Amino acid sequence: LRLAARCQHLCRWMIPRSNYPRDRAGYLRWRAELKKFHAARAGEILREVGYTDDIIARVQELNLKKNFPADPDSRVLEDALCLVFLEHQLAALVAKTAEDKMINALRKSWAKMTPNAQAEALKLSFGPKESVLIERALNMSRSTQHSFDLLCIVGGRLAGGPRTEINRRFAILGRQRLRERLNRPSAGQHN
């Protein structure tokens, strides 16, 4: 796990974001290529210094996020990545990104984090602008939250067409939200 964490953004500057279109498709292609590059480069380096094929394969699996969120180690790695983003990279991104995109990014990061990581994130110190954006991202109104939950639960099935990547993500998020709702004690229910 520590090796995978160290290799997560290995030589990231070698594949600059500026080489890809400044749209969502370009961003997703850049991220996909980075994951493959990091895994390949990690394998080269770890092989050079004598790690076994099993360890190398495991590091690459974690870097490629193959079994996220089912794999507990991948959850820990993703939690760490999200916390590093919030603590060290958020302010710079806020300075150059539209507010609505930042709120969306914060909501997505929050949804990927475990409850323990979310608790740790709430202990971090943020600047005034970042604090407002985080608060807006996390404090959706009850009706908005309910609508969002419903959209996530049925996402990908409304159009009846082929499942696109966004529909797949809505379906995954919907299942997570549904599990959370089912596991949450109802009013008047005591543990």
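Tyr27 and Trp30 are three residues apart in helix H2, so about one helical turn separates them. The model is predicted. This briefing covers that aromatic pair, a surface patch that includes Tyr51, and the surroundings of Val59.

**Aromatic pair**
- A search of the whole structure finds one aromatic pair.
- The ring centres of Tyr27 and Trp30 are 5.9 Å apart and the ring planes meet at 50°, so the pair is tilted rather than stacked (under 30 degrees) or edge-to-face (over 60).
- Trp30 has a relative accessible area of 10% and is therefore buried, the limit being under 20%.
- Tyr27, at 30% relative accessibility, counts as partly exposed.

**Surface patch**
- A nonpolar patch on the surface is formed by Val49, Tyr51 and Ile55.
- Together, Val49, Tyr51 and Ile55 have about 260 Å² of accessible area.
- Tyr51 sits in the loop that runs between helix H2 (24-48) and helix H3 (53-63).
- The relative accessible area of Tyr51 is 35%, so Tyr51 is partly exposed.

**Surroundings of Val59**
- Val59 is located in helix H3.
- With a relative accessible area of 4%, Val59 is buried.
- Not counting residues up to four places away in sequence, Val59 touches Leu3, Ala4, Cys7, Ala42 and Leu46.
- One of these contacts, Ala42, is 17 residues from Val59 along the chain, and the two C-alpha atoms are separated by 7.7 Å.

How values were computed
Residues numbered from 1 in each chain as written. Predicted model: local features only at pLDDT ≥ 70, side-chain atom pairs only at ≥ 80, totals over all residues. Heavy atoms only, no water. Patch = residues over 30% accessible without salt bridge, like charges linked within 9 Å, V, L, I, M, F, W, Y side chains within 5 Å. Areas by Shrake-Rupley, 256 points an atom, 1.4 Å probe, with all protein chains shown as cover. Salt bridge = Lys/Arg side-chain N within 4 Å of Asp/Glu carboxyl O. Helix = DSSP H or I, 4+ residues; strand = E, 2+ residues; numbered from the N terminus. Buried < 20%, exposed > 50% of the residue type's maximum accessible area, 1.4 Å probe, protein only. Phe/Tyr/Trp six-rings, centres within 6.5 Å; stacked < 30°, edge-to-face > 60°. Contact = heavy atoms within 4.5 Å.
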